[in-house]
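Trainee: Before I reuse the vocabulary of this entry, I would like to hear how each term is justified, with the value set against its cut-off.

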Amino acid sequence: MAAPQTKNAAPSPSPGSPVLSVVVPVLDEAENLRPLIEEIAAALDEGPDYEIVYVDDGSGDGTPDRLADLAAELPRLRWVRHRTRCGQSAAIWSGVEAARASLIATLDGDGQNDPADIPKLLARFDAEGGDNDGPMIVGERAKRRDTRLKRISSRIANGVRAGLLADQTPDTGCGLKVFPRAAFLAMPRFDHMHRFLPALMMRSGGRVVSVVVGHRPRGTGTSKYGVLDRLWIGIVDLLGVMWLQRRPMTPDIVDDGKDKTSRPAQGPRSHAP
Ligand SMILES: Nc1nc2c(ncn2[C@@H]2O[C@H](COP(=O)(O)OP(=O)(O)O)[C@@H](O)[C@H]2O)c(=O)[nH]1
Ligand SMILES: [Mg+2]
């Protein structure tokens, strides 16, 4: 794994920061923690410095206790905990905010995304000349390992979304993504935003690139989403994102008013009416 080639790199938050922060949102995933963390470590241990940031979204199972035990054992693992459940988007936001690297990789905490795909996404980020403005690299699950109902509903939802948002992304629902921390934190923040990250990236002038990745059956535990609730919430969110797309605000500042010498010279003022 190469360090990101940053032409517009933000200063690291603190000296010795890792190059990459892997952010994993979890809700009641106690049994899936250790196997996935071990897989992330195996995928990334050859490359430059990284950290893993788990976000426990108020889990009611053994997730917080196990995370505390694992963090004591593994120096690269940190964790953030919400007092109560706030949703997957809020968990991703808290993880990215807590991250110390300027480059973020996200993946689901149930084992459906394969950590071995992370280096592939990082290589593509580098190949695209990635910097703090992007691009966002998005996993595309070519062969879904989900129930038939979920596969069909997801295909319809992806088709409708791609048609209405024109976000150049065949599969926004894949948890596996790589993007600059600064670009993410500059996005509008709302519940369920994690399903619309490519559209939000493009809204602020960034690029998105999809890369085919693997997909696996869930480790243990159950899905946190039903088909019908996702469909209804999805329609409301889609309208909201369409509105956001029509109201971008990205002024290109040529003079921030701090350097008085860079002002254009002004001639004498005319007092004529
Ligand atoms: N933090 C947080 N994570 C969630 C929430 N719902 C789902 N997740 C996590 O998001 C990931 C994807 O959820 P999952 O239930 O596997 O969705 P599915 O693959 O679409 O069935 C998993 O890591 C879940 O633990 C939530 O409300 N809060
Ligand atoms: Mg899943």
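Trainee: What makes β5 and β6 count as paired?

Mentor: Strands pair if DSSP finds at least two bridges between them, and since β5 and β6 are joined by two bridges, in the antiparallel sense, the criterion is met. In this pairing Val138 stands opposite Lys177 in β6. The model is a predicted one, where local features need pLDDT of at least 70 and side-chain atom pairs count only at pLDDT 80 or more, while totals for chains, interfaces and linings use all residues. Residues are numbered from 1 along each chain as its sequence is written, and chains are lettered from A and ligands numbered from 1 in the order in which they are written.

Trainee: Which strand pairs with β5 in the parallel sense?

Mentor: That is β7, which is joined to β5 by six bridges, with Ile137 opposite Val209 in β7. The strand names follow from DSSP runs (E, at least two residues, for strands; H or I, at least four, for helices), numbered from the N terminus. The protein chain comes to eight helices and seven strands.

Trainee: Why is β1 called largely enclosed?

Mentor: A residue is buried if 20 or more other C-beta atoms, placed from the backbone, lie within 10 Å of its own, exposed if 12 or fewer do, and partly exposed in between. Seven of the seven residues of β1 are buried, so β1 is largely enclosed by the rest of the structure. Leu20, Val22, Val24 and Val26 point one way from β1, Ser21, Val23 and Pro25 point the other way, and all of them are buried. By comparison with the chain itself, where buried residues make up 36% of the 273 residues, β5 is also mostly covered, with five of its six residues buried.

Trainee: Which strands pair with β1, and over how many bridges?

Mentor: β4 (residues 103–106) pairs with β1 in the parallel sense over four bridges, and Thr106 of β4 is the bridge partner of Val23. β2 (residues 50–56) also runs parallel to β1, over seven bridges, with Leu20 opposite Tyr50.

Trainee: What is the handedness of the crossover between β1 and β2?

Mentor: The chain passes from β1 through helix α1 (residues 30–44) to β2, and this β-α-β crossover is right-handed. The word applies if, with the strands pointing away from the viewer, the path from the first strand over the helix to the second runs clockwise.

Trainee: How do you know that the span of α1 is close to the expected one?

Mentor: The expected span is 1.5 Å times one less than the number of residues; for the 15 residues of α1 that is 21 Å, and α1 reaches 22 Å from its first C-alpha to its last. Its buried residues are Asn32, Leu33, Leu36, Ile37, Ile40, Ala43 and Leu44, and what covers them includes β1, β2, α2, β3 and α4.

Trainee: Why is Ala166 called exposed while Gln168 is called partly exposed?

Mentor: Ala166 has 11 other C-beta atoms within 10 Å, so it is exposed, whereas Gln168 has 15 and is therefore partly exposed. Ala166 lies in the loop between α5 (148–165) and β6 (177–180), and Gln168 lies in the loop between α5 and β6 as well. Phi is positive in each, near 50 degrees for Ala166 and about 55 degrees for Gln168, although neither is a glycine.

Trainee: Which residues does Ser204 touch, leaving aside those up to four places away in sequence?

Mentor: Taking contact to mean C-beta atoms, placed from the backbone, within 7 Å, Ser204 touches Ala186, Met187 and Thr250. The C-alpha atoms of Ser204 and Thr250 are separated by 6.6 Å, with the two 46 residues apart along the chain. Ser204, with 15 other C-beta atoms within 10 Å, is therefore partly exposed.

Trainee: What makes the peptide bond from Gly134 to Pro135 a special case?

Mentor: That bond is cis, with omega near 5 degrees, and Pro135 has its place in the loop between α4 and β5.

Trainee: Which residues come nearest to ligand 1?

Mentor: Being near means having a C-beta atom, placed from the backbone, within 6 Å; of the 18 residues around ligand 1, Asp57, Ala91, Gly109, Ser223 and Lys224 come nearest. β1 and α3 (88–98) each supply at least two residues of that shell.

Note on methods
Two residues are in contact if their C-beta atoms, placed from the backbone, lie within 7 Å.
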